[in-house]
Amino acid sequence: MRSAIANGVGVGQYANGYLGHYCYENLNFALSRILLAIINGNISRGAYYSSSFGLDWNDWIWDWVTILSYEAYMQARVFQPSGVVGATLEHPAAGALAYRGPADSGHGWNSGDLRESCGGDGWHLSVNQLLDVMGEFRRGGRILTPAAAQLMLENMFGVDPFVTWKCAPPDKLTLQVGLQTLAGMVYCKNGDWNNALGQHEQSLAYFLPQDMELAVLVNSQLVGLPDTFFRDVVTQVYLDNLREQISVHP
């Protein structure tokens, strides 16, 4: 974990683990579910080896303790300061179901209770709830100071890089911390959750210039645009509607 974070995101041409190639490393899970519980004293790092319950029981105990610890931490340190009530790892009865697209006539997919994988995913939120968390994180001061939040964005903690995937060969890919626009720098986090039938839940969380945020949630794939990345579509709409500001002085 330490070396993966220290190495950051690379743009080399030949390594499979570099930008542009598939190499999934779920450090979010390890940090949020395992390391957080140890740092906060919810479980001892030596508990796995010292327990006499056996391997299967040890795994169950670690799962149970780290899930409860992570859930309590998020409620106390993220959702409550943001004024968000009802954030849950279970799928609410009124929550949206996922589909392959508008023509999908099958039953919608209920992504269900995601406690076992929480830390890398798991929370069910509305658009307004997500925006409340984003706004509090960025400038409210009760999760982080605004300066610390901005430093996180600039160092790509919790957001994804912007990169031109199709317009450059692998050795010419350039990593952009954010997307520079006429209005200022844009940062974004992608989200995607799906099942074996291709029914999707997708999300985008944008930190826009001038202290604005944008959250987009959809419950299917993009139809008719198989080669287009969801974020590319939304980002292009944003860019197409930007206008240069003209300062008028009396």
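This tour proceeds through selected residues of the structure, stop by stop.

The model is predicted, so local features require pLDDT of at least 70 and side-chain atom pairs count only at pLDDT 80 or more, while totals for chains, interfaces and linings use all residues. Residues are numbered from 1 along each chain as its sequence is written, and side-chain values use heavy atoms, with hydrogens and water left out.

**Stop 1: glutamate 71**

Select glutamate 71, which is placed in helix 4. Helices are DSSP runs of H or I with at least four residues, strands are runs of E with at least two, and both are numbered from the N terminus. Glutamate 71 is buried, at a relative accessible area of 17%. The class boundaries are under 20% for buried, over 50% for exposed, and partly exposed in between, with a 1.4 Å probe and protein chains only. Next, display the residues that glutamate 71 touches: leaving aside those up to four places away in sequence, they are Leu89, Arg115 and Trp123. Contact here means heavy atoms within 4.5 Å.

**Stop 2: arginine 115 and its partners**

Move to arginine 115, which is partly exposed at 24% relative accessible area. Glutamate 71 forms a salt bridge with arginine 115, and their closest N and O atoms are 3.5 Å apart. This pair links distant parts of the chain, as glutamate 71 belongs to helix 4 (residues 55-79) and arginine 115 to the loop between helix 4 and helix 5 (127-140), 44 residues apart. A salt bridge is defined as a side-chain nitrogen of Lys or Arg within 4 Å of a carboxyl oxygen of Asp or Glu.

Add glutamate 90 to the selection; its side chain meets that of arginine 115 in a salt bridge of 3.2 Å, N to O. Glutamate 90 and arginine 115 both lie in the loop between helix 4 and helix 5, so the pair ties together parts that are 25 residues apart in sequence. Glutamate 90 is partly exposed, with a relative accessible area of 39%. To see the wider arrangement, select Glu71, Glu90, Asp113 and Arg115, which are linked in a network of salt bridges. The structure holds ten salt bridges.

**Stop 3: aspartate 160 and lysine 189**

Which side chain meets that of aspartate 160 in a salt bridge? It is lysine 189, at 3.4 Å from N to O. Aspartate 160 sits in the loop between helix 6 (146-154) and strand 1, and lysine 189 in strand 2 (residues 185-194), so far along the chain that they are 29 residues apart. Aspartate 160 is buried at 19% relative accessible area, whereas lysine 189 is partly exposed at 33%.

**Stop 4: glutamine 180**

Select glutamine 180 in strand 1 (residues 179-180). Glutamine 180 is exposed, with a relative accessible area of 52%. Then measure to proline 209: the C-alpha atoms are 9.6 Å apart in space, and the residues are 29 apart in sequence.

**Stop 5: a nonpolar surface patch**

Finally, select Met1, Ile5, Leu31, Leu35, Ile39 and Phe157, which form a nonpolar patch on the surface with about 540 Å² of accessible area together. Helix 2 (residues 27-39) supplies the largest share of the patch, three residues. Leucine 31 lies in helix 2 and is partly exposed at 32% relative accessibility.

Terms used:
Patches are made of residues with over 30% relative accessible area and no salt bridge: like charges are joined within 9 Å, nonpolar side chains (Val, Leu, Ile, Met, Phe, Trp, Tyr) within 5 Å. Accessible areas come from the Shrake-Rupley method with a 1.4 Å probe; for residues, only the protein chains shown count as cover.
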